[in-house]
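Here's a quick walk through one protein model, helix by helix. Have the viewer open and follow along.

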Amino acid sequence: MLAGCGAGMCQVVITTPMEMLKIQLQDAGRLAAQQRPAAVVSTAKLGTTNAVLTRSYNVGLTPPHTARTVSATQIAQELLRIQGIQGLYKGLGATLMRDVPFSIVYFPLFANLNRLGKDSPEGAAPFYWSFLAGCVAGSTAAVAVNPCDVVKTRLQSLNSGANEESYNGVIDCISKIMRKEGPTAFLKGAGCRALVIAPLFGIAQVMYFVGVGEFILGHSPFKILSP
């Protein structure tokens, strides 16, 4: 559990900026639809035009109804220019709240489930058992930390659409969600997260225990030579 805690704390250095940019790009269509003039929206509903994946990245410099196509690189550059490096780490606390408990739950749970498939303490579990153990442990950990993922996603959505709530920190986000949406809001997307995380960690553990990584290193110029 301590090893998992340490792993979770280390990974947020990379995952927080990547999650931030991912959420901004996935949010583009929704905000663009809200900012599009009424005439264009009604035309789109008739099916005569296709919605363009754009986002009005409004930081006080762009008119509110001007939508433009952006990339993750453009978002990162704009955040760095206006807010500095801390702009990419918005929601760091919520990401720690999600990834550290996830690793604490996942690694011990997988180790114990995988041990059940061994014929002997020194032997190795069959690859299919490692896959199933990774799926069960990953989906269980994903559902367990889903409330933290909901808070993280809300905080990392920089621009709120029309009539949408804005949040000022983790505590403010949790209290507003509880007051306006109820406790069930913290389980939104739990099923989808479980469906994504289960095969991801199942495949990762199978590749690890089958020895694919060791095989690749053994046939590469970067292998470590024993003395």
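What follows covers the overall make-up, two helix crossings, one helix and the nonpolar cores.

## The overall picture

First things first: this is a predicted model. It's helices from start to finish, with eleven helices and zero strands, so to speak an α-α-α-α-α-α-α-α-α-α-α run from the N terminus on.

Of the protein's 227 residues, 35% count as buried. Take the contacts between residues at least 6 apart in sequence, and 69% of them join residues at least 24 apart.

## α1 against α6

Let's start with helix α1, residues 2–26, and its meeting with α6, residues 92–115. The axes of α1 and α6 come within 8 Å and cross at roughly 140 degrees, which makes α1 oblique to α6. The crossing of this pair is right-handed.

On the α1 side, the contact uses G4, C5, A7, G8, M9, Q11, V12, T15, T16 and E19. Facing them from α6 are L92, T95, L96, R98, D99, V100, S103, I104 and F107. Sorted by class, the contact of α1 with α6 comes out at nine nonpolar, seven polar and three charged residues.

Q11 is a handy place to zoom in on this contact. Is Q11 of α1 buried or partly exposed? With a relative accessibility of 31%, Q11 counts as partly exposed. Leaving out residues up to four places away in sequence, Q11 touches D99 and S103. The C-alpha atoms of Q11 and D99 are separated by 8.0 Å, while their positions lie 88 residues apart along the chain as a sequence separation.

## α1 against α8

Now for α1 and α8, the latter being residues 146–156. Their axes come within 9 Å and cross at roughly 70 degrees, so α1 and α8 are roughly perpendicular to each other. Here too the label is a right-handed crossing.

Which residues of α1 meet α8? They are T16, E19, M20, I23 and Q24, and their partners in α8 are K152, T153 and Q156. By class, that contact of α1 with α8 holds two nonpolar, four polar and two charged residues.

## α8 on the inside

Stay with α8 for a moment. Eight of its eleven residues are buried, so α8 is largely enclosed by the rest of the structure. The buried ones are N146, C148, D149, V150, V151, K152, L155 and Q156.

What do the buried residues of α8 pack against? The list is α1, α6, α7, α9 (170–180) and α10.

## The nonpolar cores

In soluble globular proteins, nonpolar side chains tend to be buried together. In this model, the largest nonpolar core has ten residues: F102, Y106, F110, A133, A137, A141, A142, V145, I197 and F201. Elements giving two or more residues to this core are α6 (92–115), α7 (127–144) and α10 (190–210). The most comes from α7, with four residues.

V145 is one of the core's members. Setting aside residues up to four places away in sequence, V145 touches R98, P101, F102 and R193. Apart from this core lies another one, of nine residues, including A94, Y167, A185 and F186.

Notes
Residues are numbered from 1 along each chain as its sequence is written. This is a predicted model: local features need pLDDT of at least 70, side-chain atom pairs count only at pLDDT 80 or more; totals for chains, interfaces and linings use all residues. Side-chain values use heavy atoms; hydrogens and water are left out. Axes are lines fitted to C-alpha atoms, for helices over the stretch in contact, and angles run from 0 to 180 degrees between N-to-C directions. Angles under 35 degrees count as roughly parallel, over 145 as roughly antiparallel, 65 to 115 as roughly perpendicular and the rest as oblique. A crossing is left-handed if the near helix is turned anticlockwise from the far one by less than a right angle, and right-handed if clockwise. Contact means heavy atoms within 4.5 Å. Ala, Val, Leu, Ile, Met, Phe, Trp, Tyr, Cys and Pro count as nonpolar, Asp, Glu, Lys and Arg as charged, and the others, Gly among them, as polar. A nonpolar core is a set of buried Ala, Val, Leu, Ile, Met, Phe, Trp, Tyr and Cys residues joined through side-chain atoms within 4.5 Å. Buried means under 20% relative accessible area, exposed over 50%, partly exposed in between (1.4 Å probe, protein chains only).
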